[in-house]
Amino acid sequence: MGKEGEELTEQETAIYDRQIRVWGVDAQRRLSKSHIFVSGLKGTVIEFCKNIVLAGVGSLMLNDDRLVTEELLSANFLVPSDENVTRGKSLAELCCESLKDFNPMVSVSVEKGDLANFDVEFFQKLDAVVISCCSLLTKKSVNAKCRKSPRRVAFYSVECRDSCGEIFVDLQNYSYSKKKNEETIECHLQYPSFEDAIAVPWRSLPMRTSKLYFAMRVIERFEELEKRNPQDVSAGDLPNVLKLRKELCEARCMNESQIPDLLLQRLLAARVEFPPVCAIIGGVLGQEVIKAISGKGDPLKNFFLFDAMDGKGIIEDISNINN
Amino acid sequence: MDTIEVSNLNRQFLFRQKHVGQSKAKVAREAVLKFKPHIKITPYHANVKDPEFNVDFFKQFNVVLNGLDNLDARRHVNRLCLASGVPLVESGTTGFLGQVTVHVKGKTECYECQPKPAPKTYPVCTITSTPTKFVHCIVWAKDLLFAKLFGNKNQENDLNVRSTDASSSSEHTEDVFEHRVDEDVEQYGRRIFDHVFGYNIEVALRNEETWKNRNKPRPVYTRDALPPRPIEQNGNKDKASNTGDPSSVSAMASLGLKNPQDLWSLRENSEVFLEALGLFFLKREKEIGQLGFDKDDQLAVEFVTSAANIRATSFGIPLHSLFEAKGIAGNIVHAVATTNAIIAGLIVLEAMKVLQNDVKSYRMTYCLEHPSRKMLLMPVEPFEPNKSCYVCSETPLTLEINTHRSKLRDFVEKIVKAKLGMSLPLIMHGVALLYEVGDDLEEDEVANYAANLDKVLSELPSPVTGGTILTVEDLQQELKCSINIKHREEFDEEKEPDGMVLSGWTPALATEKNKTSDNGPSSSNASQTVPLEPEDDDEIEIILKDPEILSAGKKRKSTDISVAADSEISSVTGAMLIKSKVEADDSHSDVMVDGNLDTNKKKRVQ
Ligand SMILES: [Zn+2]
């Protein structure tokens, strides 16, 4: 042990004791040198931030210039429900103060600005980027910028709608080693970008691919076509969404029944976030980012889908690249 | 009852460094109120096994959410939930694994319907004579050597090798471990060292039979492990006057060893051993004779680590760092924030189904490290109650016992307490009361029961023999069961160490093992890593009360129900009771936070 870099301090050893027993000292050291950026501070991302700040990452940058509203705080345990405190401050500013307090060993800061305007130079300093509540266009462009960086920037996007959640992971070319029966084996994974992943022809996917995956694509596309703000949909949109579903399914030679009405209806109707699902998705996402930074454990490739209705948390590999 | 520790802070996000030492229940309450000011939270900094939390108390709630850290308390709450008819959501995590299960009386299995994995126990001789793994050395160092030197002297202890000629050890050893009045501490330490790592190994080697198919151990003496003793120079005496607080005394500190992750050489281990032993005598002398091993006691961990490593050297077993040894000796559960968050979310989902009485949707959910059939979170339909579960059905038990030799005390300790998990038992033979515990007993009753404890079963005032049916009851748990007694003359000492066999009972992780002093090594619960029955020291117990929903059958929007049960509660350490009262439109709720029942702490091996 103690091969790379300096040793952990006594304080770090004491606070991180229980998790060092899970992933080891080297992984902890790598975590403490990592830099992470998040944008879109709703419930799931808040849960994620809490998890990685507690785990002891090096730094965390928060981006969300929205002013606090009651709806934005529905699943936010970081911000006190006191108007005197919250007035006039952005969501990122408020969360930042609170997260600093969680773990003084982590540097937490606010990065103002529109996510769409951050450039490659900005992203290349980072180890992981997590975005949420943004348009499809922005999602694709941030992912592309991360891919242009000379060193790998792990990219994640996450969305929760009603009691469903989806995580997308892009680790580009990712190699890691794991122990199997006392032997160390080298593993290589190749990830597609978000743009390439969602372009994978639906008919080429296995029959049993999660229905939630398709439903999310329909709604995402609907928001794009209608030029809506992210997640600005409602039950009233159902007729038009069903129309879009028909078009998409026909164009992609897939039976419409793969995307049940009821599922679309649920995804559209959700007004507020659902804290238990935020905790579950934020937990899985936190674990994935820790895996990618520490190089310990099998990272998921490349979608994770959870629906509280059936309780399944499913991994789908949506890519043309076969490993 | 639990208080906040530094090692909780990596995942129990309601707590901060400044809260270390405070009540988890109380601090958690304050923290939750900051972001949800309009709910009512009542913290109980108490043990859930306290009599005030009786069946009537439980009956106020609509659901109990358990996240306890020990089997004893889990069984207790399971029984109270059964007795009060309140649904229970159970949960646990260890590392990346976790699970959530739902237990509703008559509808799904209870927490005790399935046998629990047996505790890791080791044959006495493996620990005393033929260790093959590091954990064996840890058990030896902790439960035998440490207990012998610093614990209760009256406790039985198998430290000395059982040699063929019993006379050579017993008498001889009593003075070996005694610290003589004018004896120099360093000298004493070396004498102990040479005795346990040198002489005892040589005695063991004489048992040629033992080593026929095994590698022979190598005796280690101080003269081999350490350079010749320097005159007038030993660490502990020099530093003795500098350290003020006895709890901060550390052999590593006085020897200049910094990194707990480092592997120490035999020499370093030997130095730590002598230094730690010396420091106990010089700085913590008052505690000697009543110390139990505690993973948070730095000096104790140092002593046990070094002793285990020296023993491991003798037996050709790979050495371990203090960090690793501490984990094994303290049975430390691995825990991360992410798994806790996931499990907490799942707990809330199940609790909401329970509140909506959506029985068909109940699921047991497993959080896996590696996906199974693409699933990382795997829901499974709950099982029906096990018809032969003595806790939730009425299955009679059978006990084979030697009624002429076993005393009532053995029956109470080994069966009623350890196996049936009762804490306030009442034992009846027909209408005759044989035994009872309680505060309201008359003096003569107390004397009577005490006398009964020391009688063999067949000589009790109402004799218990083959064919007798005993009724055993715990009034607090409202659990009652019958035991058919079958007389049996002989028992196998190794396979049936209790000298009695209970059948028709689902064996469980008997945490009570530690209380019984039958044999040291088996009392260790080290390395109990059980994948699907994880125990965590982040414990939560949440009870939701929602009379309106159940009586009026109103269905609320799920988002409303999450009141007190947002995931945030998830990572609280400490048992929690939450009751939420929900009116038709506005929701306000009561949350009761109960301190953790860290029974592990009081269950140290003597
Ligand atoms: Zn049962």
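Which side chains meet in a salt bridge at 2.8 Å, N to O? The side chains of B:Lys374 and A:Glu316 do so, as Figure 3 sets out. In this predicted model, local features need pLDDT of at least 70 and side-chain atom pairs count only at pLDDT 80 or more, whereas totals for chains, interfaces and linings use all residues. Residues are numbered from 1 along each chain as its sequence is written, chains are lettered from A and ligands numbered from 1 in the order in which they are written, and side-chain values use heavy atoms, with hydrogens and water left out.

**Figure 1. Domains 1 and 3 of chain B.** Chain B comprises domain 1 (6-118 + 335-386 + 512-595), domain 2 (132-316) and domain 3 (397-503), with bounds from an automatic or database domain assignment. Domain 1 and domain 3 of chain B each bring 13 residues to their contact (heavy atoms within 4.5 Å). About 1100 Å² is buried between these two domains, and carbon and sulfur atoms give 49% of that area; buried area is the accessible area (1.4 Å probe) that two parts lose on being put together, summed over both. On the side of domain 1 that touches domain 3, helix H3 (residues 71-84) of chain B gives the most, with five residues; helices (H or I, at least four residues) and strands (E, at least two) are DSSP runs, numbered from the N terminus.

**Figure 2. The interface of chain B and chain A.** Here 51 residues of chain B are in contact with 53 residues of chain A. The buried area is about 4400 Å², of which 64% comes from carbon and sulfur atoms.

**Figure 3. Polar pairs between chain B and chain A.** Two salt bridges are found across this interface (a side-chain nitrogen of Lys or Arg within 4 Å of a carboxyl oxygen of Asp or Glu). One of the pairs that meet in a salt bridge is B:Lys374 with A:Glu316. Helix H14 (337-355) of chain B is among the elements that each supply at least two residues of the side touching chain A, and the largest share of that side, nine residues, comes from H14(B).

**Figure 4. Strand pairing between the chains.** Strand E10 (residues 312-316) of chain A is joined by two bridges to E6(B), and the strands run antiparallel; two strands pair if DSSP finds at least two bridges between them. Within E6(B), B:Leu377 is the bridge partner of A:Gly313.
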